[in-house]
Amino acid sequence: MGQAALDNTKKAPRRGARVKDPIEAAATRKAVSNILKGSAGNLVEWFDLYVYTVFAAYFQSHFFNSTNELQAGLEAMAVFATSFLMRPVGAWFFGRYADRHGRKAALTLSVTMMSAGSFAIAILPTQEAIGMWAMVLLVFVRLLQGFSVGGEYGTSATYMSEAATSKRRGFFSSFQYVTLIGGQMLALLVLVILQNTMSHETLTAWGWRIPFAIGGVAALVVLWLRRTMEETVSAEQVAAANKPLAAGEARPGTMKLLFTQYWKPLLVCIGITLGGTVAFYTYTNFILKFMNDTSGIPKTQTSLINFWALFIFMLLQPVYGMISDKIGRKPLLLWFGITGVLFTWPLLSMLAGTQNPVYAFLLMMGGLVIVGGYTSINALVKAELFPASIRALGVGLGYAIANSLFGGTVPLIGAALQKADRVDLFFTYVTVAIGISLLVYIFALKNKKTTHLDNEQGHAWTGKNPDTQAPGTRDTDDDKKELVDA
């Protein structure tokens with residue numbers, strides 16, 4: 001046997017080995033790059049948003065007059081809830097902008113606004129300096145940040161779903177919540193570090209300003225990174241959004257198009273979100289105050305409990321995403337809905353009655369394992385409901401409506417029921433919200449159904465996959481097909 005034959009034998013793949021397609025490999029590399037750039041901004045946006053609740057116990061005395069800690073906490077959570085009032089407005093503005101001018105431009109603008117809000121809180125005067133205007137300015141800045149995040153969610157969910165390869169869409173899109181949870185986790189990490197390097201008095205006096213300054217600087221870094229993001233909106237869509245319209249024709253990215261042709265998917269989007277957002281804010285946001293005030297666990301311990309629970313929860317998101325790429329999206333939503341209805345009350349009631357930090361950690365993790373069925377894939381499920389011409393607006397507005405009415409009010413409702421000594425009613429509220437969404441999962445969704453994203457970006461469940469096709473061989477008939485109903 002000659003040397004050439006031996007060389008060929010060495011290079012031949014072993015039987016059963018998967019030969020790596022260079023086109024598929026290139027598509028994966030491009031997807032990874034774009035997902036990282038898109039998700040970095042998401043991480044900073046949510047860090048800036050959640051650092052407020054994480055540090056509220058330390059700065060609330062500077063902006064609210066009440067000397068009662070529970071009352072001051074209630075007022076702080078009320079201001080937190082006001083930021084959610086702007087989310088539908090932000091979702092409308094940024095969704096419309098993203099569908100008409102591109103996802104990259106909208107994401108860049110949103111992170112710029114969030115950076116400005118964080119810097120503003122870092123230098124905001126207190127009531128000791130300017131009286132009630134301190135609280136007024138704080139509310140204004142939180143409204144600005146709520147406007148920014150309202151646009152970030154829908155545009156980010158859209159971008160990451162469109163940038164993902166079709167066969168790994170669940171895995172790649174799950175990184176939206178990896179970074180969303182990561183933002184919360186980083187806020188807790190900063191809290192833990194400051195608690196262990198500063199006295200309580202120093203942290204209360206001025207140390208609480210540090211995380212807001214960190215968030216502002218980080219947002220500027222992301223702003224620089226997002227300059228090199230690839231656009232997922234086609235030139236044809238941008239042209240269609242700016243051309244003269246015939247009588248009665250709806251322009252892409254407009255409320256007219258959404259409410260006349262895609263109102264059914266919008267309602268489904270709201271229903272998908274309702275229970276998930278209530279459960280998510282219960283187990284990742286309000287849980288810190290719940291453990292402090294109801295369970296009676298010291299703040300230093302609850303910070304560590306929340307950090308490690310969120311860390312594991314963050315790592316679970318891609319795992320759930322990969323599972324959905326194998327079995328479909330609906331089974332994971334059913335997991336969340338069914339187990340959420342069955343176990344919310346037992347988990348929260350046992351958590352209310354324990355002061356053991358290990359037991360509290362396990363109970364919190366139990367809730368997060370349940371919620372993971374929703375968080376990991378909810379952005380993708382919503383993105384699959386709408387075509388590209390209305391996707392950012394439809395996803396963003398549907399999420400923002402449910403999030404503002406139900407998710408954002410969780411800390412306020414929970415704090416009010418804590419003060420009234422009726423936390424049992426809070427358990428009921430969370431359970432009922434999850435139950436409503438469970439009905440939507442059962443009756444409004446089908447598993448492995450061909451979606452708008454399939455026709456635009458490649459099919460997840462069939463052999464048709466533009467990710468691995470050479471240029472010019474894509475199935476144009478599928479590209480032109482649109483699905484109006486959910």
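**Cores and helix packing in a predicted model**

The largest nonpolar core holds 111 residues. Within this core, Trp46, Phe55, Ile272, Phe280 and Tyr281 have the most contacts. Helix H14, which spans residues 263-295, gives the most to the core, with 16 residues. A second core is separate from it and has 9 residues. Leu107, Met160, Phe172 and Met229 are among them. The model described here is predicted.

Phe280 shows which parts of the chain meet in the larger core. Neighbours up to four places away in sequence are not counted here. Phe280 then touches Tyr50, Tyr177, Leu180, Ile181 and Gln184. It also touches Asn285, Phe313, Val371 and Thr375.

The chain as a whole is considered next. Its secondary structure comes to 23 helices and 0 strands. The chain has 486 residues, and 55% of them count as buried. Contacts between residues at least 6 apart in sequence were also examined. Of these contacts, 83% join residues at least 24 apart.

Two helix pairs were examined in detail. The first pair is H16 (residues 330-352) and H17 (residues 357-375). These helices pack at an angle of about 160°, and their axes are 7 Å apart. An angle over 145 degrees counts as roughly antiparallel. H16 is therefore roughly antiparallel to H17. The crossing of H16 past H17 is left-handed. On the H16 side, the contact is made by Leu332, Leu333, Trp335, Phe336, Thr339, Gly340, Phe343, Leu347, Met350 and Leu351. On the H17 side, the contact is made by Tyr359, Ala360, Leu363, Gly366, Gly367, Val369, Ile370, Val371, Gly373 and Tyr374. By class, this contact has 15 nonpolar residues, 5 polar residues and no charged ones. Val371 of H17 belongs to this contact, and Val371 is also one of the residues touched by Phe280.

The second pair is H5 (residues 103-122) and H7 (residues 133-163). Here the packing angle is about 150°, and the axes lie 8 Å apart. That angle makes H5 roughly antiparallel to H7. H5 passes H7 in a left-handed crossing. The residues of this contact divide into 12 nonpolar, 8 polar and 4 charged.

Two glycines were then examined. Gly337 lies in helix H16. Is Gly337 buried or exposed? Buried means under 20% relative accessible area. Gly337 has a relative accessibility of 0%, so it counts as buried. Gly337 touches Ile434, Leu438 and Tyr441, with residues up to four places away in sequence not counted. The C-alpha atoms of Gly337 and Val371 are separated by 8.6 Å. Along the chain, these two residues are 34 residues apart.

Gly38 lies in helix H2, which covers residues 22-63. Gly38 has a relative accessible area of 2%, so it is buried. Which residues are in contact with Gly38, leaving aside its neighbours within four places in sequence? They are Glu152, Arg226 and Met229. Met229 is also included in the second core. The C-alpha atoms of Gly38 and Thr108 are separated by 9.6 Å, with the two residues 70 residues apart along the chain.

How values were computed: Residues are numbered from 1 along each chain as its sequence is written. This is a predicted model: local features need pLDDT of at least 70, side-chain atom pairs count only at pLDDT 80 or more; totals for chains, interfaces and linings use all residues. Side-chain values use heavy atoms; hydrogens and water are left out. Axes are lines fitted to C-alpha atoms, for helices over the stretch in contact, and angles run from 0 to 180 degrees between N-to-C directions. Helices (H or I, at least four residues) and strands (E, at least two) are DSSP runs, numbered from the N terminus. Angles under 35 degrees count as roughly parallel, over 145 as roughly antiparallel, 65 to 115 as roughly perpendicular and the rest as oblique. A crossing is left-handed if the near helix is turned anticlockwise from the far one by less than a right angle, and right-handed if clockwise. Contact means heavy atoms within 4.5 Å. Ala, Val, Leu, Ile, Met, Phe, Trp, Tyr, Cys and Pro count as nonpolar, Asp, Glu, Lys and Arg as charged, and the others, Gly among them, as polar. A nonpolar core is a set of buried Ala, Val, Leu, Ile, Met, Phe, Trp, Tyr and Cys residues joined through side-chain atoms within 4.5 Å. Buried means under 20% relative accessible area, exposed over 50%, partly exposed in between (1.4 Å probe, protein chains only).
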